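Please open the model in your viewer and keep the sequence panel beside it. We will walk through a few selections together, one stop at a time.

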Amino acid sequence: MASARLCVLFVSLSLTLAKDVKLKYKPSNQPVRLFTEEELNRHDGSEEGQPIYMAVKGVVFDVTKGKEFYGRDAPYNVLVGKDSTRAVAKMSLDPEDLTSDTTGLTEEQLKSLDDVFEGTYKNKYPIVGYMASRILNEDGSPNEDFKPEDQLHFQIRDEF
């Protein structure tokens with residue numbers, strides 16, 4: 001009898017705590033997909049009524065709800081329609097930094113990248129896809145050597 005009460009108490013406590021758990025990402029209304037650079041570039045905020053997308057660490061976010069920051073003629077419009085990982089890490093709007101390449105970034109810049117990725121993008125904007133360049137070869141065939149856990153500064157929680 002005592003074990004049954006303990007079991008009921010455990011289940012009740014688990015259900016209560018589960019209600020307090022909130023996801024850090026916003027669910028998307030559309031299926032997650034792979035984007036080529038050309039496809040992502042079509043979502044650069046230049047066409048009214050079209051979604052605005054940008055990628056950070058190869059993860060594509062729908063930043064449309066922040067169009068006052070990312071829309072046409074907005075201060076951060078230069079970041080959209082591409083993977084702007086380096087620019088986010090360096091807090092830069094320099095055209096040279098508008099790339100996914102993280103080569104040569106300092107530990108401080110890499111920490112900043114992770115903080116902004118987690119604290120801003122994953123908390124505010126829905127994930128709509130991933131950059132195909134993360135997992136495909138240039139000819140479109142699967143990259144057999146790709147292992148997310150081996151990617152520079154990748155954490156499996158980036159995907160969820």
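Start by selecting strand S2 and showing its side chains: Tyr53 and Ala55 point one way, Met54 and Val56 point the other way, and all are buried. Buried here means under 20% relative accessible area, exposed means over 50%, and partly exposed is in between, with a 1.4 Å probe and protein chains only. In a regular strand, side chains alternate between the two faces of the sheet. Helices (H or I, at least four residues) and strands (E, at least two) are DSSP runs, numbered from the N terminus.

A word on what you are looking at: this is a predicted model, where local features need pLDDT of at least 70 and side-chain atom pairs count only at pLDDT 80 or more, while totals for chains, interfaces and linings use all residues. Residues are numbered from 1 along each chain as its sequence is written, and side-chain values use heavy atoms, with hydrogens and water left out.

**The sheet**

Next, add strand S3 (residues 59-62), which pairs with S2 in the antiparallel sense over four bridges; two strands pair if DSSP finds at least two bridges between them. Click on Tyr53 and look across to S3, where its bridge partner is Asp62. Then go to the hairpin of S2 and S3, which has two residues between the strands, and pick Lys57: this residue takes a positive phi near 55°.

Now show the whole sheet. It is open, has four strands in the order S1-S4-S3-S2, and its pairing is mixed. S1 (33-35) and S2 (53-56) stand at the edges with a single partner strand each, so one side of each has no neighbour in the sheet. On average, neighbouring strands here are turned by 40° against each other, direction ignored; the axes are lines fitted to C-alpha atoms, for helices over the stretch in contact, and angles run from 0 to 180 degrees between N-to-C directions.

Move to the S1 edge and select strand S4 (residues 127-131) as well: S1 and S4 pair in the parallel sense over three bridges. Leu34 has Tyr130 in S4 as its bridge partner.

**Rings and charges over rings**

Stay around S1 for Arg33, whose charged end sits over the ring of Phe35, 4.1 Å from its centre. The rule for this is NZ of Lys or CZ of Arg within 6 Å of the ring centre and within 35 degrees of the ring normal. Return to Lys57 for another case: Lys57 lies over the face of Phe117, at 4.6 Å from the ring centre.

Which residues form one aromatic cluster? Select Phe61, Tyr70, Tyr76, Phe117, Tyr121 and Tyr125 to see it. Rings of Phe, Tyr and Trp (its six-membered ring) pair if their centres lie within 6.5 Å; planes under 30 degrees apart count as stacked, over 60 as edge-to-face and the rest as tilted. The count comes to six aromatic pairs. Among them, Phe61 and Phe117 are edge-to-face, 5.8 Å centre to centre with 70° between the planes. Phe61 lies in strand S3 and Phe117 in helix H5, so this pair ties together parts that are 56 residues apart in sequence. Phe61 is buried at 0% relative accessibility, and Phe117 is buried at 0% too. Tyr70 and Tyr76 have ring centres 6.3 Å apart and planes at 45°, so their pair is tilted. Tyr70 is buried at 6%, whereas Tyr76 is partly exposed at 37%.

**Salt bridges**

Switch to the charged side chains. A salt bridge is a side-chain nitrogen of Lys or Arg within 4 Å of a carboxyl oxygen of Asp or Glu, and the count comes to eight.

- Lys67 and Glu48: the closest N and O atoms are 4.0 Å apart. Lys67 lies in helix H3 (residues 67-70) and Glu48 in the loop between helix H2 (37-41) and S2, so the pair ties together parts 19 residues apart in sequence. Lys67 is partly exposed at 48%, and Glu48 is exposed at 64%.
- Asp97 and Lys90: the closest N and O atoms are 3.3 Å apart. Asp97 is buried at 6%, while Lys90 is partly exposed at 33%.
- Glu118 and Lys122: their side chains meet at 3.7 Å, N to O. Both lie in helix H5 (residues 107-124), four residues apart, about one turn of the helix, and both are buried.

Finally, select Glu48, Lys67 and Arg72 together: salt bridges that share partners join them into one network.
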